[in-house]
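Colleague: Please take a close look at one part of this chain and describe it for me. I would like to hear which residues are covered and which are not.

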Amino acid sequence: MSPRRRVLLVGVLALLAGFLLPNLVKWLLELVWWRAQQFCGLATIGAVCEPGRPFVPLLPTLTELLVLVAAGVAVWVGARWCLRPVRDLADPIANLGPQNLGYRIRRGGRDELARLARAIDAMMDRVTAGYEGQRRFAANASHELRTPLAVQRTLIEVGMAQSLSGEQLELLTAQLLATNERNERLIEGLLALSESDQGLRSSTPQRLDEIVAAVLAAYADRAAGAGVTVQSRLAPRIVPGERVLLERLVSNLVENAIKYNRPDGRLVVAVGGDPALTVTNSGQAVPGEAVAGLFEPFRRLARDRINQGGGAGLGLAIARSITQAHGGLIAARPGEDGGLRVDVHLPTVR
């Protein structure tokens, strides 16, 4: 029986008891009084009742107390009976934990407890997804760090195993430096992702168009070296947030747009109303089904796994985290001329 029906049944019984309780007390009093009169009316034991006559006025009160105690016990039993389905549900919930994230209650029906069980199952689905995401993130981070560390160890062992000429030593030093820089960028990306996931420490009005202009000026030489033409359409736009994080957001999008572009390609950056920021680049075509996965940490296209260009696959993941910290939304889709178009929607300052 569902909790609703149990409560309804107990409520009906309580109403009936409320109507019948005065008559019940009256009937008990009359019964006790009649039995006492018969008992004490006998000549052989009449003297026994004499010490109890002073307590006769208390008889109604004692009877009412007895009825109240019985009613309290009945209410306690009824409440325990009504809450029994909740107690039965507590044991399956107690079994949920990190050791069995796949466990689900899966209670059928349409009553309140069934809805609660389905809500708990849905919550566990979200918790499991988050836990699995964190586990994959830790595994991917370990893999990304293990590979360059193994390369560094190999290079050091080669240098220690034999004497090197000046040219060989210079080449070994350059390779060690490049590997160390990649580790540094990876660790910096992980720290930036962790900080952005913690949310904003403060929020003040920021000129997004000025931030974008400064970032484009900083990346002008890199874009020219890659043969990428930069076009910008920057309308005045004020957004609430932290300047450092907003600079990191724009920098990641611009850096990815340059890195994964083609020679003689183009990069178009626009600041406007909605979306607040749009970054579009040319390049190789991006499959539509692969776009959503690019925002996951360490996720790259299959062709980018061989030539990573020093990247760790954290750029778009950090951009998404920063956008969410600012109460915004970031979305991407394949560009019309290949490459990717990224739209960032941010709230405005009221």
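Modeller: What follows goes through one stretch, from a strand to a loop further along. This is a predicted model, in which local features need pLDDT of at least 70, side-chain atom pairs count only at pLDDT 80 or more, and totals for chains, interfaces and linings use all residues. Residues are numbered from 1 along each chain as its sequence is written, and side-chain values use heavy atoms, with hydrogens and water left out.

Gln-206 lies in strand S1 (residues 204-207); strands (E, at least two residues) and helices (H or I, at least four) are DSSP runs, numbered from the N terminus. Gln-206 is buried, at a relative accessible area of 11% (buried is under 20%, exposed over 50%, partly exposed in between, with a 1.4 Å probe and protein chains only). Beyond its neighbours within four places in sequence, Gln-206 has contacts (heavy atoms within 4.5 Å) that include Ile-211, Arg-237 and Leu-246.

Ile-211 is also one of the buried residues of helix H6 (residues 208-218), along with Leu-208, Asp-209, Val-212, Val-215 and Leu-216. These residues are on the same side of H6, because they cover an arc of only 160° around the axis, taken from the directions from the helix axis to the C-beta atoms. Ala-217 and Ala-218, on the other side of H6, are exposed.

Leu-246 is among the buried residues of helix H8, as are Leu-245, Leu-249 and Val-250. In the loop between H8 and S4 is Asp-264, which is exposed at 71% relative accessible area. Asp-264 has a positive phi, near 60°.
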